[in-house]
Amino acid sequence: MSRDPVGTPDPAHPPGRRARPGGPRPRAEPGEVVYGVIVSAATIGAVGLHVHSNARLGAIWAFVVLTYWLAHVYVHLVAHPLRGVRVRVLRRVRTALRDELGVLVGALPGLAILLVVALLGGEPATTASVTLFVTIGLLFGLGTFAALRVGASLVYALGEGLLASTLGVLMVVAKALLH
């Protein structure tokens, strides 16, 4: 069983998930990446209809994504209390910042779409639409990959992909309701 930075066993994470000094860095977990994809796309989808520039959309995207990432970091810190073990708070914060990077990794496709559409001269509303439709495909791929990663059959994995992509469809519906 792995241990968090303060030495408390953490049954929610498989062995090797937490980085040890000098050891390998943790990988972004699919759930964290999916969360980042959803936060990023939902932000662009909701705000893209109400701003007049992609620069403003990008600034709002950065604020929201960083706020959600920091919230994940804080939850990580709260979820791993000291329990009598003395560890410097900076070490705990550094570990939490690193372990929650999957949220930021998942948000990057939304930023990439925003940049490409902006460079092509598209308006924020176009950015929002493109982001949401690409997100549907991305969520399908991530859901399928996550299921295959744990040994699911291809049929089951494709079902997981469809389930994950419905989150993107719900964001499209939300965008339509906002418009």
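**Entry 1. Overall make-up**

I counted the secondary structure elements and found 6 helices and 0 strands in the protein. The model is a predicted one, and I read everything below with that in mind. Going along the sequence, I wrote the pattern down as α-α-α-α-α-α. I then looked up burial: of the 179 residues, 40% count as buried. For contacts between residues at least 6 apart in sequence, I noted that 66% join residues at least 24 apart.

**Entry 2. Nonpolar cores**

Which residues make up the largest nonpolar core? I listed 10 residues: Val39, Ile44, Val47, Val51, Leu57, Trp61, Val65, Ala107, Leu114 and Ala128. Helix 1 (30–47), helix 2 (54–79) and helix 4 (101–119) are the elements that give two or more residues to this core. I also found a second, separate core of 9 residues, with Val33, Val34, Ala41 and Leu142 among them.

I picked three residues around the largest core and went through their contacts, setting aside neighbours within four places in sequence.

Leu57, a member of the largest core, is in contact with Ile44, Val47, Gly48, Val51, Leu114, Pro124 and Thr127.

Val47 sits in helix 1. I took Val47 as buried because its relative accessibility is 18%, and the cut-off for buried is under 20%. Its contacts beyond four places in sequence include Leu57 and Ile60. I also checked Val47 against Trp61: the two are 14 residues apart along the chain, and their C-alpha atoms are separated by 8.6 Å.

Thr127 belongs to helix 5. Its relative accessible area is 0%, so I entered Thr127 as buried. Beyond four places in sequence, Thr127 is in contact with Ile44, Asn54, Leu57, Ile113, Leu114 and Val117. Of these, Ile44, Leu57 and Leu114 are on the list for the largest core.

**Entry 3. Helix 3**

I went through helix 3 (residues 89–99) and marked Arg92, Thr95, Ala96 and Asp99 as buried. Why do they fall on the same side of helix 3? They do so because they cover an arc of only 100 degrees around the axis. On the face turned away from the buried side I found the exposed residues Leu90 and Arg94. I then looked up what covers the buried residues of helix 3, and the cover includes helix 1, helix 2 and helix 4.

**Entry 4. Cavity**

I searched for enclosed space. Rolling a probe the size of a water molecule over the atoms shows where empty space is left. How many cavities of 30 Å³ or more does the structure hold? I recorded 1 cavity of 30 Å³ or more. The volume of the largest cavity is about 40 Å³. Its lining consists of Val37, Ser40, Ala41, Gly106, Pro109, Gly110, Ile113, Val134, Thr135 and Leu138. Helix 1, helix 4 and helix 5 are the elements that give two or more residues to that lining. Helix 4 has the largest share, with 4 residues. I noted that Ala41 lines this cavity and is also included in the second core.

**Entry 5. Helix 6 and the residues it meets**

I placed Met171 in helix 6 (residues 154–178). Is Met171 buried or exposed? At 10% relative accessibility, I counted Met171 as buried. Leaving out neighbours within four places in sequence, its contacts are with Ile38, Ala41, Ala42, Leu132, Thr135 and Leu139. Two of these partners, Ala41 and Thr135, appear in the cavity lining. I also looked up Met171 and Ile38: they are 133 residues apart along the chain, yet their C-alpha atoms are separated by 8.6 Å.

Last, I turned to Thr144, which lies in helix 5 (residues 124–149). Thr144 counts as buried because its relative accessibility is 9%. Which residues does Thr144 contact, leaving aside neighbours within four places in sequence? I found Ala157, Leu158 and Gly161. With Ala157 there is something further to enter: the side chain of Thr144 reaches the backbone oxygen of Ala157 at 3.4 Å.

Technical notes
Residues are numbered from 1 along each chain as its sequence is written. This is a predicted model: local features need pLDDT of at least 70, side-chain atom pairs count only at pLDDT 80 or more; totals for chains, interfaces and linings use all residues. Side-chain values use heavy atoms; hydrogens and water are left out. Buried means under 20% relative accessible area, exposed over 50%, partly exposed in between (1.4 Å probe, protein chains only). A polar contact is a pair of N or O atoms within 3.5 Å; within protein, one must be able to donate a hydrogen and the other to accept it, and residues adjacent in sequence count only if both atoms are side-chain atoms. Contact means heavy atoms within 4.5 Å. A nonpolar core is a set of buried Ala, Val, Leu, Ile, Met, Phe, Trp, Tyr and Cys residues joined through side-chain atoms within 4.5 Å. The arc is that of the directions from the helix axis to the C-beta atoms. On a 1 Å grid over the protein atoms alone, a cavity is a set of points where a 1.4 Å probe fits but cannot get out, and a pocket is an open set with protein on both sides within 12 Å along at least five of seven lines; lining residues have an atom within 4 Å of a point. Grid points are joined across faces, edges and corners, and a volume is the space filled by probe spheres set on the points.
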